[in-house]
Amino acid sequence: MPNLYFRKNDAKISMVILRDIFFLGLLGGVLGRTLYYIGLKDTSPSVATALSNLIPSMTFILAVLCRKEPLDISKLSAQAKVGGTVVALAGATIMTLYKGCVVISLNSAHHGTAASKLHLKKHWFKGSLMLLGSYLSLSAFYVLQTVTVKRYPAPITLTSLNCLSGTLLSAIMAAILDHKASSWTLSWDMSLVAVLYSGIVVFGLVFYLQAIVARTKGAVFITAFGPLGTVIATIMAVLLLGDVLFLGSVVGPVVIVVGLYITLWGKEMEKEKKLMEVATPSQCIEITSEKP
């Protein structure tokens with residue numbers, strides 16, 4: 001299928017491209033997904049979606065460290081991006097280290113002994129760290145993907161190779177860590193529905209719609225709706241799964257969302273300034289050409 005779209009593509013797959021594809025599969029397909037599922041098991045869907053709003057801030061930090069994005073701290077846009085990143089990381093710290101009292105609970109059986117609460121707190125902390133590691137891997141994936149697509153300008157082919165690399169690496173890791181044949185079988189229950197939903201809706205429909213919106217409205221427009229996913233996931237987790245909503249799970253996401261919008265505001269200011277700098281010389285050329 002990729003060859004049908006890029007028959008005239010002159011880019012060659014070199015050893016550097018193969019190396020990048022390997023690390024893209026490792027970061028996105030193995031580390032990103034595996035750490036996410038481990039963290040989701042030990043926390044809750046609301047925590048997972050709330051911490052996912054850290055991805056723009058983490059990507060910004062990695063891009064600056066890798067010198068892929070300039071940072072002039074004297075500019076207001078750079079100050080907004082740095083400030084928003086710090087605020088978002090503060091919100092993630094609150095969610096990871098502080099649970100607080102119960103805000104909403106539809107299950108009266110959530111109260112337990114001190115030992116069970118301590119055990120739950122340890123799992124909560126571990127799960128939050130796994131989620132942060134997952135989103136850090138995805139942020140590194142986005143930075144490396146930006147570099148790789150410039151070296152090999154065939155997005156569909158590159159996406160197919162990334163999926164193939166992630167699938168092979170995930171299969172190898174699963175075969176090493178889990179030797180039970182029963183773990184590889186799918187029965188006609190919720191596990192099969194989850195796999196089909198993840199493949200068709202998440203990796204198919206959602207990615208397709210995101211590509212369309214990104215082309216027409218831009219990436220910032222998509223990221224701005226990230227907090228809406230947090231709200232929806234929290235409501236569904238409380239109503240359908242009976243999850244307990246703690247004070248830290250309310251305060252932390254609010255702080256993260258504030259930091260996210262500050263970072264997006266800084267990015268939008270930087271984008272508008274670049275557009276003005278590009279438009280100004282062209283306008284000067286038109287005015288000069290009109291003079292006799």
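**A tour of aromatic pairs and one enclosed helix**

At 38% relative accessibility, Phe23 counts as partly exposed, and selecting this residue is a convenient way into what is a predicted model. Add Phe22 to the selection, which is likewise in the partly exposed class, its relative accessible area being 39%. In the structure as a whole there are 4 aromatic pairs. Phe22 and Phe23 make up one of them: because their ring planes stand at 80 degrees, with the centres 5.3 Å apart, this pair is classed as edge-to-face.

Next, select Tyr36 and Tyr135, whose rings form a tilted aromatic pair with 6.4 Å from centre to centre and 55 degrees between the planes. Tyr36 belongs to helix α2 (residues 15–42) and Tyr135 to helix α6 (residues 114–151), so this contact ties together parts of the chain that are 99 residues apart in sequence. Both Tyr36 and Tyr135 are buried. Bring Tyr37 into view as well, since Tyr36, Tyr37 and Tyr135 form one aromatic cluster.

With the cluster still displayed, show Arg33, which lies over the face of Tyr36 at 5.1 Å from the ring centre and also over the face of Tyr37, in that case at 5.7 Å from the ring centre.

Finally, move to helix α4 (residues 55–65), where 8 of the 11 residues are buried, so that the helix is largely enclosed by the rest of the structure. The buried residues to colour here are Ile55, Pro56, Ser57, Met58, Thr59, Phe60, Leu62 and Ala63. Following α4 is Arg67, the last stop, where the backbone has a positive phi, near 60 degrees.

Key. Residues numbered from 1 in each chain as written. Predicted model: local features only at pLDDT ≥ 70, side-chain atom pairs only at ≥ 80, totals over all residues. Heavy atoms only, no water. Buried < 20%, exposed > 50% of the residue type's maximum accessible area, 1.4 Å probe, protein only. Helix = DSSP H or I, 4+ residues; strand = E, 2+ residues; numbered from the N terminus. Phe/Tyr/Trp six-rings, centres within 6.5 Å; stacked < 30°, edge-to-face > 60°. Lys NZ or Arg CZ within 6 Å of the ring centre and 35° of its normal.
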